Amino acid sequence: MEMDQSEPPQKQQKLAVKCPNLELVKDDASKLEIIQQEIENRKAFHNALQNDIAQLEKAKREIEQTALEFNARIEKLRQSIEDDKLEKRKRDLNFQKLLEDVETVNNNLREDQGNIKDELMRLKEERSELEKQLKVSFSMPHKQWSFNGKIEEDDKPAVEFDLKPYIRYPIKGGSAVITFEDETVANKILEMEEHEIEIGDCRIKIKAQPLKLKMLEEIEIQTGVCKKRILVSNIPKLTTTDQLLDKLELYFSKQRNGGGEVENIEVLEDSGNVVITFVAEGIAENLTKKEFHQVDLRGIDKILPLRISPFINGEIVKIMVREVISKRSILFTGIPDIMDEEILQDNIEIHFQKPSNGGGEVDAFAYVPEEKSAIACFEADSEKENEDLL
């Protein structure tokens, strides 16, 4: 039985005193209410626990799924790493094999390089030797040339061999060539051009002209080793020419001597050397590999070492000529033949030695009478004079 809570406490106290059982009921109801409330709280807590358990189960499943995925990824990564290691080992093996192949190639190249260097050195030595023998392209140095007083008859060719260079200049009759000691005297004579010379009771007029000399500037000869010819030298003069040619042809026609069929054999008159021409190519090259051949010339008691050399063909492919003017030599023309040659020459030379006539010291003089001709020889001035002109 519920009590009116609005009643005053004094009245409620009075009622409680009157009904003790009622107090007991009230306490039980309060406890029951508390228990029911506790039950509800427990139910709510249980429901919360169930909910948490469900969420934990869900989270567990998610974690397990994530773990499976991670395990799969780890396995895949491990397999990838293993594959990479295997591939790396393969690459390392291939690289090692490649290195070995490269080292082998390098060794072969070094060996080939050594062989090439040796061959190159041999070729350089051979080339150097050939250049010494075949150096035929050259240029003439720039020098001053003067008449040396020597003249030759025009109809007689020069046969004398001289290493000293000369320029030969044709002189017509009625002319003279004078070389002065001083270049300034020669220039003064040329500036005066016409000169009147008193000879006895008469006077002659002659004309001074510069001497324009044709000089070889450069010559180039293309050379080549003939494939069919050899040059035989170091031949003593022990037999006649015909006997020598017969014996040489007999020797070099035999294959056991390295020879072959001979097409032609001839003697070079100037040197006495012999040129042998073979029918086939290659024989000459084979013979020249050996410089000296021990040739047994029948009829002679000893075996002769004959030298075998390549035969060089030469062809002029370039020649250049330039004009040089003599600084100290002058050509005089228009000299009449009016008296003895020697007297006329003396008078002309005396005239040009006098400073009053513009002349000076004469180094060389030559006169060619009319109806004659000659060759005047010009040689290079001394090295010191040429150095002073530079």
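Modeller: A residue is called buried when its relative accessible area is under 20%. The structure discussed here is a predicted model.

Colleague: Why is Cys226 called buried?

Modeller: The relative accessible area of Cys226 is 15%. The cut-off is under 20%, so Cys226 counts as buried.

Colleague: What makes Cys377 buried or exposed?

Modeller: Cys377 has a relative accessible area of 0%, and therefore Cys377 is buried under that cut-off.

Colleague: How many disulfides does the model contain?

Modeller: A disulfide requires two cysteine sulfur atoms within 2.5 Å. By this rule the count is 0.

Colleague: Why is Glu370 called partly exposed?

Modeller: Its relative accessibility is 40%. Partly exposed covers the range between the 20% and 50% limits, so Glu370 belongs to that class.

Colleague: Where does Glu370 lie, and which residues does Glu370 touch, not counting those up to four places away in sequence?

Modeller: Glu370 sits in the loop that joins β11 (362-368) and β12 (373-380). With that exclusion, the residues in contact with Glu370 are Gly173, Gly174, Ile335, Pro336 and Asp337. In addition, the C-alpha atoms of Glu370 and Ser175 are 7.8 Å apart in space, although 195 residues separate the two in sequence.

Colleague: What makes β11 largely enclosed by the rest of the structure?

Modeller: Of the 7 residues of β11, 6 are buried, so the strand is described as largely enclosed.

Colleague: How do you know that β4 and β11 pair?

Modeller: Pairing requires at least two bridges. Strand β4 (residues 175-180) and β11 are joined over 6 bridges in the antiparallel sense. Within β11, Ala366 stands opposite Val177.

Notes
Residues numbered from 1 in each chain as written. Predicted model: local features only at pLDDT ≥ 70, side-chain atom pairs only at ≥ 80, totals over all residues. Heavy atoms only, no water. Buried < 20%, exposed > 50% of the residue type's maximum accessible area, 1.4 Å probe, protein only. Helix = DSSP H or I, 4+ residues; strand = E, 2+ residues; numbered from the N terminus. Contact = heavy atoms within 4.5 Å.
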